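Ready for a few warm-up exercises? Have a look at the model first, then try each task before you read its solution.

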Amino acid sequence: MPADFQSTPFRASADRSVNFEVRVLPYLDAAYNLARWLARDDADAQDVAQEALLRAFRYFDSFHGTDARVWLLAIVRNTFYSLRSKASPDGMHESFDDDVHTITDEQPSPEARMVLATDVISLQRALEKLPHPLREVIVLRELEECSYKEIASITGQKIGTVMSRLARARERLKTELTQQPSEARRHDVQ
């Protein structure tokens, strides 16, 4: 192969694509997960994640950090809010399909699975009731296991604000979960 072929724009573009795939694509699930919790609709979450990945690829040359996960999650968050502000009020659906997110395990007994499903559904409903700023910090911290510093970087907030929002989100979740009817909270299946 001629030496000048390797220095062509095609080669640089191929290297860029491979670098993007190696550094960013491993976090595709995390990107979709955040988009899903923010959009609260599978179709909208797919749109947000797809648009965020396109933006990430388009601006990948500007990424000079060391944590591609944080960078991508910030793009997902910004993409969600950008698309949400452009959409009509009915543009981003507020529906939620409990069947999509139930946790099922073939090992436990049917009774144990029922209790587990009730707990998961209760938690999902409680998360759904949180306002976006509180929901996003709790999803980033508890589901995506981001540090306070990473969440601050993703959301563009100060660490103190992140900690405050996280505390409020946890308190609201606790309140929501303890206000559930007592039958939904029972764990003593006989």
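**Exercise 1.** Find the acidic partner that Arg36 meets in a salt bridge, and work out whether each of the two side chains is buried or partly exposed.

*Solution.*
- Step 1: Follow the side chain of Arg36 to its charged end, where you'll run into Asp42; the N to O distance is 2.8 Å. Keep in mind that this is a predicted model.
- Step 2: Check that this passes the test: a salt bridge needs such a nitrogen and oxygen within 4 Å, and 2.8 Å fits.
- Step 3: Now look at the cover. Arg36 has a relative accessible area of 3%, and buried means under 20%, so Arg36 is buried.
- Step 4: Asp42 comes out at 25% relative accessibility, so Asp42 counts as partly exposed.

**Exercise 2.** Describe helix 3, the stretch that holds Arg36, and what comes right after it.

*Solution.*
- Step 1: Helix 3 covers residues 28-39, which makes 12 residues.
- Step 2: From first C-alpha to last, helix 3 reaches 16 Å, close to the 16 Å expected at 1.5 Å a residue.
- Step 3: Pick out its buried residues: Arg36 is one of them, and the others include Leu34, Trp37 and Leu38, along with alanines such as Ala30 and Ala31.
- Step 4: Step past the end of helix 3 and you land on Arg40, which has a positive phi, near 60°.

**Exercise 3.** Take two further salt bridges, Glu51 with Arg55 and Arg170 with Glu142, and say where in the chain the partners of each pair sit.

*Solution.*
- Step 1: Start with Glu51 and Arg55, whose closest N and O atoms are 3.1 Å apart.
- Step 2: Both belong to helix 4 (residues 42-58) and lie 4 residues apart, so about one helical turn separates them. An α-helix has 3.6 residues a turn, so residues three or four places apart point the same way.
- Step 3: Glu51 is partly exposed, at 24% relative accessibility.
- Step 4: Move on to Arg170 and Glu142, which meet at 2.4 Å, N to O. This pair links distant parts of the chain: Arg170 is in helix 9 and Glu142 in helix 7, 28 residues apart.
- Step 5: Arg170, at 36% relative accessibility, is partly exposed, and Glu142 is too, at 40%.

**Exercise 4.** Zoom out: how many helices, strands and salt bridges are there?

*Solution.*
- Step 1: Count the elements, and you get 10 helices and 0 strands.
- Step 2: Count the salt bridges, and you get 8 in the structure.
- Step 3: For the cover, buried residues make up 37% of the 190 residues in the chain.

Notes: Residues numbered from 1 in each chain as written. Predicted model: local features only at pLDDT ≥ 70, side-chain atom pairs only at ≥ 80, totals over all residues. Heavy atoms only, no water. Helix = DSSP H or I, 4+ residues; strand = E, 2+ residues; numbered from the N terminus. Buried < 20%, exposed > 50% of the residue type's maximum accessible area, 1.4 Å probe, protein only. Expected span 1.5 Å × (residues − 1).
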